[in-house]
Amino acid sequence: MGTDVVILGLRLIFVLLLYVFLLQIVLVIMRDLRKTAVEETGDDIDRACLVVVDGGSETIFPGQRFDLEPVTSIGRSPSNTIIISNTFISAEHAILAMRDGQWWLEDLGSTNGTCVNRRPIAGMVRVNFGDVIELGKTRLKLTK
């Protein structure tokens, strides 16, 4: 019975080492996939943000920064990425999205409209770093 216990112990150690090896392979693959995803989205997403130029309300202040996600929704509703509690902002006012290395802004049929550099937009419009986005009375600057 002594050799049976040793063989069983060796088998268990072998199975444990096999699982550790497989876990290491999965971790390496996950790390590589994350690195690839970051490279594909570009550095502009990691650093892009909206800076408040004029808050237009008591809830946000000039200089306040909002970091952007690849698809950023803006509005009054708590379901948005950036929530601006202001009566001039619609519940779901606009979407700012990264596509093909460029930022695009779309008004979602808001009551008070959306402007880029003081020009009203219709549909989807490309925005560049330095452009000022106006949502109701709130003005936000796209920066890195």
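Contact, as the word is used throughout this tour, means heavy atoms within 4.5 Å. The model is predicted, so local features need pLDDT of at least 70 and side-chain atom pairs count only at pLDDT 80 or more, while totals for chains, interfaces and linings use all residues. Residues are numbered from 1 along each chain as its sequence is written, and side-chain values use heavy atoms, with hydrogens and water left out.

Select Thr143 to begin, which lies in strand S11; helices (H or I, at least four residues) and strands (E, at least two) are DSSP runs, numbered from the N terminus. Thr143 is buried, its relative accessible area being 17%, where buried means under 20%, exposed over 50% and partly exposed in between (1.4 Å probe, protein chains only). Neighbours within four places in sequence aside, Thr143 is in contact with Arg47, Ala48, Cys49, Val51 and Phe129.

Next, select Leu50, Leu68, Ile84, Leu96, Trp103, Leu105 and Leu135, the residues with the most contacts inside the largest nonpolar core, which has 22 residues. Such a core is a set of buried Ala, Val, Leu, Ile, Met, Phe, Trp, Tyr and Cys residues joined through side-chain atoms within 4.5 Å. At least two residues of the largest core come from each of strand S1 (49-54), strand S5 (94-99), S6, strand S10 (132-135) and strand S11 (138-143), and S5 gives the largest share, three residues. Staying on Ile84, and not counting residues up to four places away in sequence, one finds that Ile84 touches Ile60, Ile74, Gly75, Arg76, Ile89, Leu135, Thr138 and Leu140.

Move now to Asn112, in the loop between strand S6 (102-107) and strand S7 (114-116), where this residue is partly exposed at a relative accessible area of 41%. The side chain of Asn112 reaches the backbone oxygen of Phe88 at 3.0 Å, and beyond four places in sequence Asn112 touches Thr87, Phe88 and Gly136. A distance drawn between the C-alpha atoms of Asn112 and His93, 19 residues apart along the chain, should read 8.9 Å.

Two residues in the following loop deserve a look at their backbone. Asn117, between S7 and strand S8 (119-120), has phi near 50 degrees, a positive value in a residue other than glycine, and is partly exposed at 33% relative accessible area. Arg118, in the loop between S7 and S8, likewise is not a glycine yet has a positive phi of about 70 degrees, and Arg118 is exposed, with a relative accessible area of 58%.

Finish at Leu18, found in helix H1 (residues 2-41) and partly exposed, with a relative accessible area of 41%.

How values were computed. Polar contact = N/O pair within 3.5 Å; in protein donor to acceptor, adjacent residues only side chain to side chain.
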